[in-house]
Amino acid sequence: NANNDANIINAIASKFATDKKDLSIGIATPTAVALANSIKDRPVLFATVNDPIGAGLVDSLDKGKNNVTGLSDALPIKEHLKIYHSIYPFKKLGFIYNGAERNSITMLKITQEVCKEMGIELLPITIYSSVEVNMAAESLVSRVDAFYCFTDNSIATAMSALTDTAKQNKIPVFGGDITPTLNGGVVYALGFSYYEMGRMTGRLIAEVLQGKKAEELPIQSLNDPKFYNKLLDLDTAKLLGITFSDELINSAQYLIKDGKLITK
C-alpha cells in the first residue's frame with residue numbers, strides 16, 4: 001500500500017522491477033503508470049484505471065500495449081448526473097478534483113460536457129493533495145447547491161472533510177464510488193462492485209500467467225448495470241429533506257440508517 005504517496009509508489013515500482021516479479025498489478029492510475037514506466041520486460045496489469053488511454057498505458061481499448069493491459073473503471077457520468085438530478089434538481093454543481101491525476105482531468109472534461117448538455121453550471125476547483133479538500137469545499141459551499149465526487153484518490157482519502165462541510169451547510173453530496181462513502185455523509189452513491197473487478201482482474205492475471213501476451217488482450221470494463229452497487233444515506237437525506245422511493249431503497253445494496261451501515 002503506497003498510501004497515495006508518489007515517492008512510495010515509485011519506490012515500490014522500482015523494487016518490483018529489480019526483483020523481476022513475474023507479473024505486477026497497479027491499482028489506480030498513479031501506481032499503474034509507475035509500474036509501466038519501471039517494468040518493460042514483464043507483464044504489467046492495471047486495475048481501476050479510469051482513462052488508460054489518457055494515462056498513456058494503452059493506445060486503444062481494443063488491445064494492450066507492449067507488456068501492459070488491464071481493466072478500466074470509467075464511470076457512466078451522464079447516467080449518474082441524470083439520476084441524481086431527478087432526486088435533487090441542483091442547478092450549480094461543485095466538483096473538486098486533483099489536477100495531478102490524469103483520470104480526474106478526463107472526468108472533469110466529461111462532467112463539463114454533460115453539465116452543459118443538462119443546463120447545469122459546473123464549478124470545479126483544483127487541488128493537489130487530500131489536505132486541500134476541506135478548504136476547497138469551504139470555498140464552494142456559498143456558490144453551489146450540490147457536490148459530485150467520483151473516483152479521485154485525493155477525494156476518497158478525505159471524503160469526511162467534504163461531507164462534514166457539506167452537511168453543515170445543508171448541501172447534498174453525490175458519489176460515483178461506494179467504498180469512501182460507507183462511513184456516511186454522501187446522500188446517494190452509485191458505483192461499481194470492486195469485488196467483481198477484483199475477480200475480473202484475477203481471471204486476467206491467470207490468462208497472462210498461462211501464456212497469453214498482454215498486448216493481445218483487450219481492456220476490460222465493468223460498465224454494465226449488473227455490476228453497479230447503490231448506497232443511500234437515509235440519515236443525511238432526512239437532514240437535507242431529500243426523500244427516496246421505497247423501490248429505490250429496496251434496490252440499494254447499502255443503507256445508512258440511524259448511524260449504522262446496513263449491507264444487503
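This text walks through the predicted model, from its confidence to its two sheets, two residues and the cysteines. The model is predicted, so local features need pLDDT of at least 70, side-chain atom pairs count only at pLDDT 80 or more, and totals for chains, interfaces and linings use all residues. Residues are numbered from 1 along each chain as its sequence is written, and side-chain values use heavy atoms, with hydrogens and water left out.

Start with confidence. pLDDT is the predictor's confidence in each residue, from 0 to 100. Its mean over the protein is 93, and 100% of the residues reach 70 or more. Helices (H or I, at least four residues) and strands (E, at least two) are DSSP runs, numbered from the N terminus. Among the elements, helix α9 (residues 234-240) has the highest mean pLDDT, 97. Helix α6 (residues 153-157) has the lowest, 86.

Now the sheets. Two strands pair if DSSP finds at least two bridges between them. One open sheet has eight strands in the order β5-β4-β6-β7-β8-β10-β11-β12, with mixed pairing. Its edge strands are β5 (121-127) and β12 (260-263), each pairing on one side only. Neighbouring strands of this sheet are turned by 20° against each other on average, direction ignored. Axes here are lines fitted to C-alpha atoms, for helices over the stretch in contact, and angles run from 0 to 180 degrees between N-to-C directions.

Look within this sheet at β10 (residues 228-233) and β11 (residues 254-257). They pair in the parallel sense over three bridges. Leu231 stands opposite Tyr254 in β11. Helix α3 (residues 77-87) lies across β4, β6, β7, β8 and β10. Helix α3 runs at about 160° to β8.

The other open sheet has four strands, in the order β1-β2-β3-β9, with parallel pairing. β1 (24-27) and β9 (220-221) stand at the edges. Each has a single partner strand, so one side of each is left without a neighbour in the sheet. Strands β2 and β3 (residues 68-72) run parallel and are joined by four bridges. Val44 has Val68 in β3 as its bridge partner. Helix α8 (residues 194-209) packs on the sheet and touches β1, β2, β3 and β9. Its direction makes about 160° with that of β3.

Next, Leu45, which is found in strand β2 (residues 44-49). Buried means under 20% relative accessible area, exposed over 50%, partly exposed in between (1.4 Å probe, protein chains only). Leu45 is buried, at 0%. Contact means heavy atoms within 4.5 Å. Not counting residues up to four places away in sequence, Leu45 touches Leu23, Ser24, Ile25, Gly26, Thr69, Leu204, Ile205 and Val208.

Asn67 sits in the loop between β2 and β3. Asn67 also counts as buried, at 13% relative accessibility. Its side chain reaches the backbone oxygen of Arg42 at 2.7 Å. Leaving aside neighbours within four places in sequence, the contacts of Asn67 include Ile39, Lys40, Pro43, Val44 and Ala214.

Last, the cysteines. How many disulfides does the structure hold? The structure holds zero. A disulfide is taken as a pair of cysteine sulfur atoms within 2.5 Å. For Cys115, the closest cysteine sulfur is in Cys149, 14 Å away, too far for a bond. Both residues are buried: Cys115 has a relative accessible area of 0%, and Cys149 is at 3%.

Technical notes:
Polar contact = N/O pair within 3.5 Å; in protein donor to acceptor, adjacent residues only side chain to side chain.
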